[in-house]
Amino acid sequence: MNSQTPETLAVGRVRIFDQHHGEVNCCAFSPDGQTLLTASDDGCVYGWKTKSGRLLWRLGAHTGPVKFCRFSPDGCLFASSAGDCTVRLWDVASAKCLQVLKGHQRSVETVSFSPDSRLASGGWDKQVILWDIQSGHAAQLLTGHRDSVQSSDFSPSADYLATGSWDSTVRIWDLRAGTPAVFYQELEGHSGNISCLCYSTSGLLASGSWDKTIHIWRPVTNSLLAQLKGHITWVKSIAFSPDELRLASAGYSCVVKVWDCTTGKCLETLEGVLDVAHACTFTPQGKLLVSGAATEATNQTHISHKSPRTG
C-alpha cells in the first residue's frame, strides 16, 4: 500500500439535486469529473453538471427501478442496469440509447466497464454476463455464484473481473486472452452478503458487506490485508481515492467514513448532512468526496464536496 500520510478532509458546500421521483440507488462520475450520473427507483437515469447542478438529461427508457450506472473509461458511453432484466448502453454526447442488452432472467444489480471497454453485468439470476458492446450480444456466461450477484469491478489490467454475491463470497474470474473465463479464485471471510466492490489503481480489492465490515484484499496472493470495522449498518458503497491513501465507505445510514488504507484506522466520520447515505466516490483528481442519498420526503441527492484541509 502507499506509505504516504493521507490529507485530512474538510467539509465544504453541499449541493442538492432534487428532481428525482424515487430513491437514488447509485451515482457515478465521468472520468473527467464534469458529469454526474444518478440512477433512481423512478426508472430513470439522470445526468447532471457536477459544478452547477444543472440537469442535462432524464432518461426514462427502463421499465423498472434503475439499480446501477457507470461510465466507460473514455467517458463516451455509460451503462445502466435495472429491474426490467436489461442493461442499456448509452451515448453520452447525444444521450441516446445505443443497445438494449437482454440475457438476464431477473433484475440486473450491477454493471462494470473494463479499462479496455468490455462490459460485464450481474444480478438476481446468479449469473454474470460478459457482453460484446458492438453487437449487443452476450459473449460469455459466468456461473457459479450461489445467490444474487450484487457488485462487480474489473482489475486495472482488465485481466480479472471481481464479483460479489449474497452467497457471502467474492469471486475472481480469469479473463486473460487465450484462457477460458472460468472461476479463478474465491475470497472468503465475510459473514454476510457482499454489497459492494472496488479495485484500487494498483490492484488492491475492497469489499463491503452486510456484516458491517470492509475487507481490503491483495488478490494476486489471496491475502486479506485489512478488516475495517466501525459501521453500524451494512456497507452500501466504497471507493478508493486515486492515490490509494484513503477509502471512503457509505453505510446504509447517515454516515460516510473515510479510512486510512495503510493503518486501517478510521480518519473521519462524516454525518449530519444526509438522512441515508447511498453512494460515495472520489473525483478522478481526488479533490471531492461525493455521497448520494435519498430522503423519504423529497427523494433528493445530496452531493457533499470535501476538500483537503489546509493549515
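The exercises below work through one strand with its neighbours and a set of salt bridges in a predicted model.

**Exercise 1. Environment of β15**

Task: Determine how many residues of strand β15 (residues 160-165) are buried, and where their side chains point.

Solution:
- Step 1. Buried stands for a relative accessible area under 20%.
- Step 2. Six of the six residues of β15 are buried, so the strand is largely enclosed by the rest of the structure.
- Step 3. In a regular strand the side chains alternate between the two faces of the sheet.
- Step 4. In β15, Y160, A162 and G164 point one way, while L161, T163 and S165 point the other way. Both groups are buried.

**Exercise 2. Partners of β15**

Task: Find which strand pairs with β15 through a hairpin of five residues, and which does so through a hairpin of four residues.

Solution:
- Step 1. Strand β14 (residues 149-154) runs antiparallel to β15, and five bridges join them.
- Step 2. Five residues lie between β14 and β15 in their hairpin. A158, in this turn, has a positive phi of about 70°.
- Step 3. With strand β16 (residues 170-174), β15 pairs over five bridges, again in the antiparallel sense.
- Step 4. The hairpin of β15 and β16 has four residues between the strands, and S168 there takes a positive phi near 75°.
- Step 5. L161 can be followed into both neighbours: its bridge partner in β14 is F154, and it stands opposite W173 in β16.

**Exercise 3. Salt bridges**

Task: State how many salt bridges are counted, then describe the pairs made by E109, R118 and D174.

Solution:
- Step 1. The criterion is a side-chain nitrogen of Lys or Arg within 4 Å of a carboxyl oxygen of Asp or Glu. The count comes to five salt bridges.
- Step 2. One of them joins E109 and K67, whose closest N and O atoms are 2.9 Å apart. E109 belongs to strand β10 (residues 108-113) and K67 to strand β6 (residues 66-71), so this pair ties together parts 42 residues apart in sequence.
- Step 3. E109 is buried at 10% relative accessibility; K67, at 23%, is partly exposed.
- Step 4. R118 pairs with D116, with 3.3 Å between the closest N and O atoms. R118 has a relative accessible area of 29% and is partly exposed. D116 is also partly exposed, at 46%.
- Step 5. D174 and R176 form a salt bridge with closest N and O atoms 2.7 Å apart. D174 is buried at 7%, whereas R176 is partly exposed at 35%.

How values were computed. Residues numbered from 1 in each chain as written. Predicted model: local features only at pLDDT ≥ 70, side-chain atom pairs only at ≥ 80, totals over all residues. Heavy atoms only, no water. Buried < 20%, exposed > 50% of the residue type's maximum accessible area, 1.4 Å probe, protein only. Helix = DSSP H or I, 4+ residues; strand = E, 2+ residues; numbered from the N terminus. Pairing = 2+ DSSP bridges.
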